[in-house]
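Student: I am new to this structure and would like to walk through it with you. Could we look at it together?

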Amino acid sequence: MLLEVNNLKTWLRAGKETVHAVEDVSFRIDRGETFCLVGESGSGKSVSALSVIQLLPPDITQHPGGEILFDYRHPDGRHERVDMLSLPEERRRAIRGSRIAMIFQEAQMAQRLAVMRLGKIVESGPVRQVLSQPAHAYTRQLIDALPENLRRRRVTEVRPAVEAGRATDPGEVLVRVEDFRIHFPVRKGLLRRVVDHVRAVDGVSLDIRRGQVLALVGESGCGKTTLGRGILRLLEATSGSIQFQGDDITRLSRRELRPFRRRMQIIFQDPASSLNPRLTVAEALTEPMAVHGIGASHEERLALAQAVIEQVQLPPDSLWRYPHEFSGGQRQRIGIARALVLNPSFIVCDEVTSALDVSVQAEILQILQALKEERGLTLLFITHNMGVVEYLADSMAVMYQGKVVEYGPTDRVCRQPENDYTRRLLAAVPRLDLAALA
């Protein structure tokens, strides 16, 4: 046995309070084994790992109980079983890096796993057993919340046939992007002369039909976020055009563009940084309405804000609270509400679920699906999560090095990809195949 953790307690001091981050956690890892510790934010999994390697700040950390036994192999080959909690710091430093190391935020293959909740391990065992026959209700809840396990949306119309990014059947195109380019200059030398360009978006053409969800997928740096912001004129085009309901908005002045701002909105990836911490939710929602002349009075705007808050499933008293008083998932709901108060027809969703726990992600996806159906919204959904794409999107576009390399109905692209890059992208997606585990 390489590592044995017995009844570990890790308490962290936060101001005048003590947080029991880890409570009586026990697990073991055999030599050559991969062990997975899973759970949502705040469950204690990262604190458990940091306790093992003893990287938590000593001035706010205490271990009132437990032991972390490690089979330490000396450079001369001798083995010694040591307790990481009782070793002097000098010996810990000798072990860290040379015998124990940490790779952050990457937890994809394992033989055994343990599920954590509120500082405790609620279930553990071989991966196949835990995932195919979960014994604890919380484990079942986590598995059910994965996008691939959510109940699929109802398809109420025939999806469009597409060719080279263009809809080939009748139906209104809400957003049309033609030969769109955004190039950023590369400057060098004392005079900062332009010597090259970064071709973030390089000749993209797309149609986004009214009432549908187009997923824009690709690896980091492929240009998908730049394209989304370019469509909204948050970034200026180098060349090409954007048409919204038949109107070319590519070169409109700020004043000319203002009427379109109300109908074209964005929900950002990080809700914390996109909300003004000094404004209550009521102020964050009513100010945009006042700017665009929505509501005859402040009271009417408050009533509209209250209705939207209910639509995104937040408590009624949320209007009078500040962003820091909410969880990450609740802040993302506020971001959705802020976009909705202007009654837009088109929303760009930029990685809106990537920073959320799996159960919260499921709730946000279900809210967006319901709002799309109730309001007839058109969404450009930027993501790297293929499970989300398959659940929510009617069609999808795959970006690679600034270009769209494949475009079509979601089912067809996911099951019969035509482009080599799309096939590699889909093959690299980690999936929980419950049928194979059963």
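**A first walk through the model**

Tutor: Let us start at a hairpin: Leu-12 has Val-19 in E2 as its bridge partner. This is a predicted model, in which local features need pLDDT of at least 70 and side-chain atom pairs count only at pLDDT 80 or more, while totals for chains, interfaces and linings use all residues. Residues are numbered from 1 along each chain as its sequence is written, and side-chain values use heavy atoms, with hydrogens and water left out.

Student: How many bridges join strand E1 to strand E2?
Tutor: Helices (H or I, at least four residues) and strands (E, at least two) are DSSP runs, numbered from the N terminus. Two strands pair if DSSP finds at least two bridges between them. Strand E1 covers residues 3-14 and strand E2 residues 17-29, and they run antiparallel. The number of bridges that join them is nine.

Student: Which residue in the hairpin of E1 and E2 takes a positive phi?
Tutor: The hairpin has two residues between the strands. The positive phi, near 65 degrees, belongs to Gly-15.

Student: What is the mean pLDDT of the chain?
Tutor: pLDDT is the predictor's confidence in each residue, from 0 to 100. In this chain, 92% of the residues reach 70 or more. The mean is 87.

Student: Which element has the lowest mean pLDDT?
Tutor: At the high end is strand E13 (residues 239-244), with a mean of 96. Over residues 154-164 the pLDDT is below 50. Where pLDDT is low, the predicted coordinates should not be read in detail. The lowest mean, 44, is that of strand E8 (residues 162-163).

Student: What is the order of the open sheet of four strands?
Tutor: The pairing in this sheet is antiparallel. Strand E11 (193-209) and strand E14 (247-248) are the edge strands, each pairing on one side only. The order is E11-E10-E13-E14.

Student: What is the bridge partner of Pro-185 in E11?
Tutor: Strand E10 (residues 173-188) and E11 run antiparallel and are joined by 13 bridges. Within E11, the partner of Pro-185 is His-197.

Student: In the open sheet of six strands, which strands stand at the edges?
Tutor: The order of this sheet is E15-E16-E17-E12-E18-E19, and its pairing is mixed. An edge strand has a single partner strand, so one side of it is left without a neighbour in the sheet. The two edge strands are strand E15 (264-267) and strand E19 (403-409).

Student: What is the bridge partner of Ile-266 in E16?
Tutor: E15 and strand E16 (residues 346-350) run parallel, and four bridges join them. The partner of Ile-266 in E16 is Val-348.

Student: How many disulfides does the count come to?
Tutor: A disulfide is a pair of cysteine sulfur atoms within 2.5 Å. The sulfur of Cys-349 is 17 Å from the closest cysteine sulfur, in Cys-222, too far for a bond. By this rule the count is zero.

Student: Is Cys-349 buried or exposed?
Tutor: Buried means under 20% relative accessible area, exposed over 50%, and partly exposed in between (1.4 Å probe, protein chains only). The relative accessible area of Cys-349 is 0%. Cys-349 is therefore buried.

Student: How many aromatic pairs does a search of the whole structure find?
Tutor: Rings of Phe, Tyr and Trp (its six-membered ring) pair if their centres lie within 6.5 Å; planes under 30 degrees apart count as stacked, over 60 as edge-to-face and the rest as tilted. One of the pairs is Phe-27 and Phe-35, stacked at 5.1 Å centre to centre with 15 degrees between the planes. Another is Phe-244 and Phe-260, edge-to-face at 6.3 Å and 85 degrees. The search finds three.

Student: Where does Pro-417 lie?
Tutor: Contact means heavy atoms within 4.5 Å. Leaving aside neighbours within four places in sequence, Pro-417 is in contact with Glu-406, Arg-412, Thr-422, Arg-423 and Leu-426. At 18% relative accessibility, Pro-417 counts as buried. Pro-417 lies in the loop between helix H13 (410-415) and helix H14 (420-427).
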